Amino acid sequence: QLQLVESGGGLVQPGGSLRLFCAAFGFRLDGYNIGWFRQAPGKEREGVLCIASNGATATYLDSVKGRVTVSRDNNDNTVHLQLTNLKPEDTGVYYCAAERRPIPPTCANVSGAWRYDYWGQGTQVTVSS
């Protein structure tokens, strides 16, 4: 079965760091654009970033630029998300999503949840003192 699973979330103090992972099961992430979204209670999902299928480029939400870095590991069939200098407003459930056969194979923006075919169930990130 096709599945995405996020992990690595947790509780961290402001200014702290977390490393999130998105692992694919039943399919290869090669050729898929990968988006990360987050959702705080009572709010709609917000696009955080999108990394191109070949991993060459990534587009980030303005509010996380310089604090978030995404990378791909095709050998592990995973995507890694490094969160640094976290702020309380970064709190939320973080989801990864995969867009199959993107044409062109690049990310135009960090929004557009409708583009994605597969979604994980999310991992909780809480930034609080």
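Here is a short chat between a visitor and a guide about the structure above.

Visitor: What kind of model is this, and from which number are residues counted?

Guide: This is a predicted model, where local features need pLDDT of at least 70, side-chain atom pairs count only at pLDDT 80 or more, and totals for chains, interfaces and linings use all residues. Side-chain values use heavy atoms, with hydrogens and water left out, and along each chain, as its sequence is written, residues are numbered from 1.

Visitor: How many disulfides does the structure hold?

Guide: A disulfide here is a pair of cysteine sulfur atoms within 2.5 Å. C22 is joined to C96, S to S 2.0 Å, and C50 to C107, with sulfur atoms 1.9 Å apart. So the structure holds two.

Visitor: How far apart in sequence are the parts that C22 and C96 tie together?

Guide: Strands (E, at least two residues) are DSSP runs, numbered from the N terminus. C22 lies in strand β3 and C96 in strand β9. The pair therefore ties together parts that are 74 residues apart.

Visitor: Is the C22 and C96 disulfide right-handed or left-handed?

Guide: Look at the torsion about the S-S bond, which is about 65°. That is why the disulfide of C22 and C96 is right-handed.

Visitor: And the link of C50 and C107, left-handed or right-handed?

Guide: C50 sits in strand β5, while C107 is in the loop between β9 and β10 (118-119), 57 residues apart. About the S-S bond the value is -60°. That makes the link of C50 and C107 left-handed.

Visitor: Is C107 buried or exposed?

Guide: Buried means under 20% relative accessible area, exposed over 50%, and partly exposed in between (1.4 Å probe, protein chains only). C107 has a relative accessible area of 13%. It therefore counts as buried.

Visitor: Which strand supplies the largest share of the largest nonpolar core?

Guide: A nonpolar core is a set of buried Ala, Val, Leu, Ile, Met, Phe, Trp, Tyr and Cys residues joined through side-chain atoms within 4.5 Å. Of the 30 residues in the largest one, L4, W36 and L81 touch the most other members. Strands that each supply at least two residues include β4 (33-39), β5 (46-51) and β9 (92-99). The largest share, four residues, comes from β3.

Visitor: How many residues are in the other core that lies apart from it?

Guide: Among its members are F37, A97, C107 and Y116. The number of residues in this other core is five.

Visitor: What is the order of strands in the open sheet of four strands?

Guide: Two strands pair if DSSP finds at least two bridges between them. The edge strands, β1 (3-7) and β7, each pair on one side only. β3 and β8 pair in the antiparallel sense over six bridges, and A23 stands opposite T78 in β8. With antiparallel pairing, the order is β1-β3-β8-β7.

Visitor: Is V48 buried or exposed?

Guide: V48 has its place in strand β5. Contact means heavy atoms within 4.5 Å, and, leaving aside neighbours within four places in sequence, V48 is in contact with residues including W36, F37, Y94 and V110. Its relative accessibility is 1%, so V48 counts as buried.

Visitor: Which residues is E99 in contact with, leaving aside its neighbours within four places in sequence?

Guide: E99 is found in strand β9. Its relative accessible area is 13%, so E99 is buried. Leaving aside those neighbours, E99 is in contact with G31, Y32, N33, R115, Y116 and D117.
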